[in-house]
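User: Please take a close look at one side chain in this model and at what surrounds it. After that, I would like to see how that part fits into the rest of the chain.

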Amino acid sequence: MTIFYPDVSDYQAGISFSGCVIAVAKATEGTGYTNPDYAAAKTRAANAGAYFCAYHFLHAGNGAAQASYAFSRVGSGIPLMIDCEPTYNSNGSIASAPQISDVVAFVNQY
């Protein structure tokens, strides 16, 4: 069975989760960014009866510190997904790309 669900970040702040079985919202990025809509998204999911999950946008380097930061904002009891993809410069070239070692460090610390 395939379950489709919204995966939202601060760009979709305030989106309704009405009718959703699951809702996923960006919680954190790197070691210093928390989505300002994260707590409200969690509340909207609960009000809609949707199962709630969070995600962390992983940057290259220091996966363990990023895991500690993410956990400090998400806490226990909320499933967390890692969004692992490159970031790009304005000219389209890759600015930064997390490596497998970053993912492993994140998972081991989390």
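Analyst: **A close look at one side chain**

Arg-44 has a relative accessible area of 18%, so Arg-44 counts as buried, given that the cut-off for this class is under 20%. The model is a predicted one, and what follows should be read as a description of that prediction. Arg-44 sits in helix α1. Once the neighbours within four places in sequence are set aside, Arg-44 is in contact with Gly-14, Ile-15, Phe-17 and Asp-37. For the chain as a whole, there are 4 positive and 7 negative side chains, and the centres of these two sets lie 10 Å apart.

The setting of this helix is best read from the overall fold. The protein chain contains three helices and seven strands, and along the sequence these follow the pattern β-β-β-α-β-α-β-β-β-α. The radius of gyration is 14 Å, close to the 13 Å that the globule rule gives for 110 residues, and the protein chain is therefore as compact as a globular protein of that length. Taken along the principal axes, the C-alpha atoms fill a box of roughly 35 × 35 × 30 Å. Of the 110 residues, 35% are buried, and the protein chain exposes about 6100 Å², with carbon and sulfur atoms supplying 55% of that area. Among contacts with a separation of 6 or more, 67% are between residues 24 or more positions apart.

Helix α1 also takes part in the ring pairs, of which a search of the whole structure finds three. The rings of Tyr-38 and Phe-52 have centres 5.7 Å apart and planes at 55°, so this pair is tilted. The pair links distant parts of the chain, with Tyr-38 in helix α1 (residues 38-48) and Phe-52 in strand β4 (residues 51-57), 14 residues apart. Both Tyr-38 and Phe-52 are buried.

Elsewhere in the chain, the rings of Phe-71 and Tyr-110 have centres 5.3 Å apart and planes at 80°, so that pair is edge-to-face. Because Phe-71 lies in helix α2 (residues 63-74) and Tyr-110 in the segment after α3 (100-109), the pair ties together parts that are 39 residues apart in sequence. Phe-71 is partly exposed, with a relative accessible area of 36%, and Tyr-110 is partly exposed too, at 32% relative accessibility. Ring pairs join Phe-71, Phe-106 and Tyr-110 into a cluster.

Strand β4, which holds the partner of Tyr-38, can be followed through two further residues. Ala-54 is found in this strand and is buried, with a relative accessible area of 0%. Leaving aside neighbours within four places in sequence, Ala-54 is in contact with Val-24, Ala-25, Ala-27, Tyr-38, Val-74, Ile-78, Pro-79, Leu-80 and Met-81. Tyr-38 of helix α1 is thus one of the contacts of Ala-54. In the case of Ala-27, the separation from Ala-54 is 27 residues in sequence and 5.7 Å in space, C-alpha to C-alpha.

Tyr-51 is likewise placed in strand β4. Not counting residues up to four places away in sequence, Tyr-51 touches Val-21, Ile-22, Ala-23 and Pro-79, and Pro-79 is also among the contacts of Ala-54. Tyr-51 and Ile-78 are 27 residues apart in sequence, with their C-alpha atoms 9.6 Å apart in space.

Two loop residues complete this picture. Asn-62, in the loop between β4 and α2, has a phi near 55°, a positive value in a residue other than glycine. Most residues other than glycine have a negative phi. At 52% relative accessibility, Asn-62 counts as exposed. Pro-86, in the loop between β5 (80-83) and β6 (87-88), is partly exposed, with a relative accessible area of 28%. Apart from neighbours within four places in sequence, Pro-86 is in contact with Ile-94, Ser-96, Ala-97 and Pro-98, while the C-alpha atoms of Pro-86 and Gln-99, 13 residues apart along the chain, are separated by 9.5 Å.

To return to the side chain in question, Arg-44 belongs to helix α1, is buried at 18% relative accessible area, and has Asp-37 among its contacts, while Tyr-38 of that helix forms the ring pair with Phe-52 in strand β4.

Definitions and conventions: Residues numbered from 1 in each chain as written. Predicted model: local features only at pLDDT ≥ 70, side-chain atom pairs only at ≥ 80, totals over all residues. Heavy atoms only, no water. Helix = DSSP H or I, 4+ residues; strand = E, 2+ residues; numbered from the N terminus. Rg over C-alpha atoms; globule rule 2.2 N^0.38 Å. Buried < 20%, exposed > 50% of the residue type's maximum accessible area, 1.4 Å probe, protein only. Contact = heavy atoms within 4.5 Å. Areas by Shrake-Rupley, 256 points an atom, 1.4 Å probe, with all protein chains shown as cover. Lys, Arg positive; Asp, Glu negative; His and termini not counted. Charge placed at Lys NZ, Arg CZ, Asp CG, Glu CD. Phe/Tyr/Trp six-rings, centres within 6.5 Å; stacked < 30°, edge-to-face > 60°.
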